[in-house]
Structure formats: C-alpha cells, structure tokens
Amino acid sequence: MYNKFNWILNGQIFKEDIRLVKDKDNNGIKVISLGGQGELGKNMYIVEVNEDLFLLDSGLMIPEEEMLGIDAVIPDISYVMENKSRLKGIFISHGHEDHMGALAYILKYLKVPVFGTRLTIALVKAKLKEDDYKGKTDFIEVDSDTVLNFPEADISFFRTNHSIPDSVGIAIHTSEGAIVYTGDFKFDQAASELYKPEIGKMAALGEKGVLCLLSDSTGAEKPGYTPSEAIVAKDMADAFENARGRIIVACFASNVNRIQHVFNAAAKSGRKVAVVGKSLHRVYNTALDLGYLKVEEDAIIPVSELSSYESNKVVILSTGHQGEPIEALQKMARQSHRQVAISEGDTVLIAASPLKGGEINLAKTIDLLYRVGANVVSSRYKVHVTGHGSQEELKMMLNLMKPKFLIPVHGEYRHLYAHEKVGAAAGLDRENIIIADKGDIVEINSEQIRLAGKVSAGNILIDGSGVGDVGNIVLRDRRLLSQDGTLIVVVTLNKSDKSIAAGPEIISRGFVYVRESEKLMDEATSLVNEIVKKTGTKQPFDWSSLKQDMRDSLNSFLYEKTKRRPMILPIIMEI
C-alpha cells in the first residue's frame with residue numbers, strides 16, 4: 001500500500017528501476033472511462049490492476065450552451081467512491097483544466113496523493129487556492145525518470161509534446177504488459193527544449209511490450225501532421241511588426257507555449273505586454289516563477305499603465321472566464337470590459353480555436369471587432385495551431401508503442417471512430433480496438449480485450465458553490481424560463497368560505513409586456529376567478545387541485561392566444 005514515507009526523504013522521490021513483475025498474476029486488468037469519451041474535456045480514466053486502482057487525470061468541461069447557468073461540469077465519481085479503499089493515487093498528465101480542473105471538487109471526498117510534474121503540481125495548487133480548497137492533500141512531484149512501485153503494478157512516465165511544458169504520458173507496468181496513457185500529445189519536430197518529447201522512451205516501452213494504449217483522439221480527423229509551433233512563432237512576430245496600433249492577443253490561459261510566443265514577438269517589436277484575466281495571471285505567474293516562461297523583467301506592465309505608452313508600443317494579452325478568450329473579446333468590443341475597450345486602429349490576434357459549438361460565437365465576435373474599427377488578423381498569418389497530433393502523429397505513436405490493443409480516448413465519438421480507422425491503417429486488427437463509452441468496463445488480458453459491463457458515469461454540474469445539486473429537472477425549468485418566461489398568479493382566499501379576499505394578481509416575467517397586453521391579462525384574471533369560485537364550492541377543499549386547475553386552464557388559454565407556454569406558478573394564501 002502507498003505510504004508517502006516510503007517515497008519521500010528530504011523532499012526527494014526515490015527513482016527505482018521497474019521491477020520484474022512476471023511473478024504477479026495480473027488477470028484482473030480493467031480500464032474504465034468516467035469522462036473524456038464522446039466529449040471534449042472532463043478527462044478521467046480508471047486503470048484497475050487486480051486490487052490496485054489508479055485514477056488518471058481529473059478534468060472538468062466547460063458547459064454546453066443548453067446548460068444554462070452552469071459554471072463547470074465534472075465526472076461522476078460514484079464508482080471511485082465505492083472503491084476508494086483500493087485507490088492508490090491520482091496521476092495528472094499535464095496542467096490543463098480539462099485534465100486537472102475537477103481536483104478541487106473530488107479531493108473533498110478522496111484522501112489520496114496526487115502525482116504530477118513540477119509545473120503541473122504548481123498549477124494544481126494555484127487552482128485549488130483560487131477555488132478556496134481547504135483540505136489537506138499530499139502532492140508528489142514526479143519527472144520522466146520517476147518510477148513508483150505499488151503492490152500490483154509499477155508506474156513510470158515519459159515526456160510528451162503539448163502546448164504546455166511538463167506534459168507526460170503515464171505507463172502502468174503489469175505482468176501482462178504496460179497500459180500506456182498518452183495524455184494530450186503531438187510530435188513537433190522543431191519543438192524547443194521545454195517541449196521535446198522523449199521518443200526514445202516511447203520506443204523502449206514498445207520494445208518491452210505495451211498491452212494496451214489509451215491514446216489522444218482529438219486530432220484523429222485531420223490528415224497529415226499538425227503544423228509546427230515554429231511557424232506560429234515566425235508569423236506572430238511578423239504580425240506584430242506590421243501592426244500599427246495596439247495589439248490585443250486572445251488565447252487560452254493555459255497555453256504556455258502561446259504566451260511565450262507573444263512575449264517573444266513583443267520583445268522583437270519593442271512592445272510592452274499587459275496581462276488581462278484572472279486565470280491568465282495565475283498561469284503566467286506560476287510558469288514564470290518556476291522558469292517555464294522566459295520573460296525580461298521590464299517586458300510586462302500593469303493594465304493601469306497602458307495609457308502611459310504610445311499605442312504602437314503595447315500588447316494586451318487577454319483571456320476570459322475559465323481561461324476561454326472569446327467572451328473577453330466580445331466585452332472589449334462592446335466597451336463593457338472592466339479594464340480594456342477595443343477601439344479603431346487596434347489589431348486583434350485570435351490565437352485560439354473555438355470551443356465545441358463556438359464557431360458561431362467566434363464569427364459574431366469577429367463581426368463586432370470590425371464594427372468598432374479593429375483589424376482582425378486572419379488567414380494571412382498562422383498565429384495558432386492545435387496542441388493535438390493529427391493522423392500521421394497518431395500513427396507514429398502507434399508505431400513507437402506497438403500496442404496489442406488500442407482504446408481511443410479524449411474525443412467526441414467521431415474522433416474516436418476516426419482514431420479506430422487510423423489504428424487499422426497502422427496495422428492493428430479491428431477486433432483489437434475498442435471504442436468505449438463513459439462507464440464501460442473494458443477487461444484486458446494477454447489474449448483479448450472486451451467490454452464487460454458498465455459502471456455509473458455521467459455529469460456532475462457545478463453551479464456557484466453547489467456541486468451536483470442542479471440536475472436535469474432544474475435545467476429543464478431553466479430552459480422553459482429562457483424560452484417562454486414565467487407567469488406568477490397570486491390569490492388570497494378567506495379561510496372560512498374560500499372566497500377571494502384579494503387578487504387574482506398576475507405577474508409576467510419574460511412572457512409578455514403587460515402594458516401592451518392588458519386585454520390578455522384581464523381575460524387570464526377572469527379565468528382564474530372562475531377556477532377559484534368553482535373549486536371553492538367543492539368539498540373537501542383541495543389546495544393541490546386548485547393549483548393544478550390553474551396551471552392546466554391558463555396553459556391551454558395562453559397557448560391558444562399566444563402559441564407560447566410560459567411556466568405558470570400559482571401562489572395561494574389564506575387569511
């Protein structure tokens with residue numbers, strides 16, 4: 001069983017060789033996804049080796065448009081809670097919130113160590129502090145040379161190339177072979193030292209024997225290779241040189257590589273940088289303190305000092321809520337942002353891809369920017385590339401790892417399906433590739449891979465400080481309110497004979513403008529009067545029947561008159 005004192009002495013982690021585990025019978029190997037399958041974000045995967053249970057990543061997802069009022073979505077960890085005595089730790093592949101953002105919520109219920117690289121652990125701690133996490137958790141720093149020994153398996157790590165430094169893949173070594181989780185990755189042949197992947201270690205894992213590969217599928221639909229970050233660095237520098245006024249760069253807060261490109265281009269063009277956005281400040285300060293960002297001391301200025309500089313001497317690096325940049329740009333264009341307003345002559349670089357379903361929002365934002373006179377840098381310069389590998393890079397990972405089985409992870413179903421085709425093109429038999437859904441139990445041994453049941457898996461919705469207290473019924477009510485509004489009916493009855501003492505008063509919110517719909521309101525009031533008189537004569541008097549009659553009658557009447565169905569809320573008092 002894991003004991004931190006077996007591993008840490010004066011702040012150091014012992015690095016041991018991978019043991020020969022052939023004497024252990026690992027027939028009970030299971031892989032379960034609690035998130036990240038059939039969706040982008042919320043990545044969380046369980047690997048079970050006999051009695052040991054390992055949790056890989058703990059991400060959140062930015063809510064979809066129909067999730068009205070929801071701040072974030074995290075995986076359902078019911079299965080982990082049922083088996084928490086077997087859980088050996090949480091292993092984080094890198095510092096993006098779709099892989100570590102749920103920790104602030106699940107660590108309240110799971111008292112286990114969290115393993116991650118130096119930058120990843122620092123970003124996790126900063127995020128937990130921002131989320132006001134008060135619990136005590138052991139955070140264990142690892143690097144690509146660390147080997148952790150557990151009763152049923154050993155765990156090792158290898159560096160990968162992604163848009164944030166200190167990204168690693170995770171290998172769980174069993175007697176049947178390794179279960180390898182790639183995390184997010186691509187292969188950039190021009191990557192700087194901080195971002196270079198350990199291709200040799202990946203090949204060595206493949207030579208020793210990979211039983212099953214859990215591989216990133218986000219770029220599986222894109223043919224060829226993902227363009228190099230070196231192209232982005234050059235084009236961004238060129239765009240900065242050619243800009244005449246202020247430059248506003250919108251990027252994801254956790255894209256450390258892109259942040260570095262912005263500072264490099266600003267230095268070449270003689271500009272100062274102002275950082276806007278809480279999450280961007282958190283990532284920037286953490287990466288800078290640990291040496292993962294190289295920035296001159298006088299390169300950054302406070303937002304309050306922007307007016308002290310000529311417009312062609314400043315860059316504004318911005319992001320928005322939860323590190324998503326488009327929302328902040330919209331506010332700047334509408335002049336409603338608290339710190340920055342975009343004006344005529346500004347140059348805007350959108351160094352980010354739109355989130356799922358955000359293409360229309362992005363198009364509207366660009367239109368707004370043009371309306372206020374900004375110059376939006378578009379196809380002439382490539383100022384953003386994805387951090388995920390395209391088809392040829394997925395094949396390269398498969399050829400390095402040489403897995404017997406493949407489970408595509410991290411993507412919508414179309415991405416997983418495309419990855420299955422990539423796997424088959426790389427030489428894997430189709431029957432050795434499993435497209436698993438959330439909650440599917442995938443059993444693996446040296447002979448076969450198969451689906452063997454299902455566990456509870458779904459969405460836990462975060463709304464303010466509430467975790468899981470908003471479900472489908474609440475979301476349905478919010479959707480109804482957003483579509484046709486609400487009608488509140490207030491009636492006061494005499495206690496003795498149930499006659500009307502006051503009212504009915506009808507209040508409309510989001511349904512009709514009362515001053516222009518007086519006739520409709522009068523007819524609705526008369527209808528309520530009739531319902532109350534009719535129900536008041538019945539014995540015994542039933543409050544619930546009265547309310548239901550009001551709802552049903554008003555619903556039919558209002559739909560006939562307006563073709564709308566507002567939410568009807570009767571409030572009946574007695575004096």
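Contacts that span long stretches of sequence come first: in the protein chain of this predicted model, 73% of the contacts between residues at least 6 apart in sequence join residues at least 24 apart. The chain has 575 residues, and 55% of them count as buried. Its secondary structure comes to 16 helices and 27 strands.

The next topic is the interior. In soluble globular proteins, nonpolar side chains tend to be buried together. Here the largest nonpolar core holds 65 residues, and the members that touch the most others are L103 and F240. Helix 8, which covers residues 256-268, provides the largest share of this core, with 6 residues. A second core, separate from that one, has 32 residues, including V49, F115, I179 and V409.

F240 is worth finding in the 3D view. What is F240 in contact with, leaving aside its neighbours within four places in sequence? Its partners are I247, V249, V262, A265, A266, S269, R271, V315 and L349.

Empty space is the other side of packing. Rolling a probe the size of a water molecule over the atoms shows where empty space is left. The structure holds 1 cavity of 30 Å³ or more, and the volume of the largest cavity is about 50 Å³. Which residues line the largest cavity? They are V31, I32, S33, Q37, Y45, L214, I407, V409, A436, D437, D440 and V442. By type, this lining divides into 8 nonpolar, 2 polar and 2 charged residues. V409 thus appears both in the lining of the largest cavity and in the second core.

Several strands take part in this lining. At least two residues each come from strand 3 (29-35), strand 20 (405-409) and strand 21 (440-444). Of the elements involved, strand 3 gives the most, with 3 residues.

A last stop is a single residue in a loop. T386 sits between strand 19 (375-377) and helix 12 (391-401). Is T386 buried or exposed? Its relative accessible area is 18%, and buried means under 20%, so T386 is buried. Not counting residues up to four places away in sequence, T386 touches K186, K222 and T226. There is also a link within the loop's own stretch of sequence: a polar atom of the T386 side chain lies 3.2 Å from the backbone nitrogen of H388.

Notes. Residues are numbered from 1 along each chain as its sequence is written. This is a predicted model: local features need pLDDT of at least 70, side-chain atom pairs count only at pLDDT 80 or more; totals for chains, interfaces and linings use all residues. Side-chain values use heavy atoms; hydrogens and water are left out. A nonpolar core is a set of buried Ala, Val, Leu, Ile, Met, Phe, Trp, Tyr and Cys residues joined through side-chain atoms within 4.5 Å. Buried means under 20% relative accessible area, exposed over 50%, partly exposed in between (1.4 Å probe, protein chains only). Helices (H or I, at least four residues) and strands (E, at least two) are DSSP runs, numbered from the N terminus. Contact means heavy atoms within 4.5 Å. A polar contact is a pair of N or O atoms within 3.5 Å; within protein, one must be able to donate a hydrogen and the other to accept it, and residues adjacent in sequence count only if both atoms are side-chain atoms. On a 1 Å grid over the protein atoms alone, a cavity is a set of points where a 1.4 Å probe fits but cannot get out, and a pocket is an open set with protein on both sides within 12 Å along at least five of seven lines; lining residues have an atom within 4 Å of a point. Grid points are joined across faces, edges and corners, and a volume is the space filled by probe spheres set on the points. Ala, Val, Leu, Ile, Met, Phe, Trp, Tyr, Cys and Pro count as nonpolar, Asp, Glu, Lys and Arg as charged, and the others, Gly among them, as polar.
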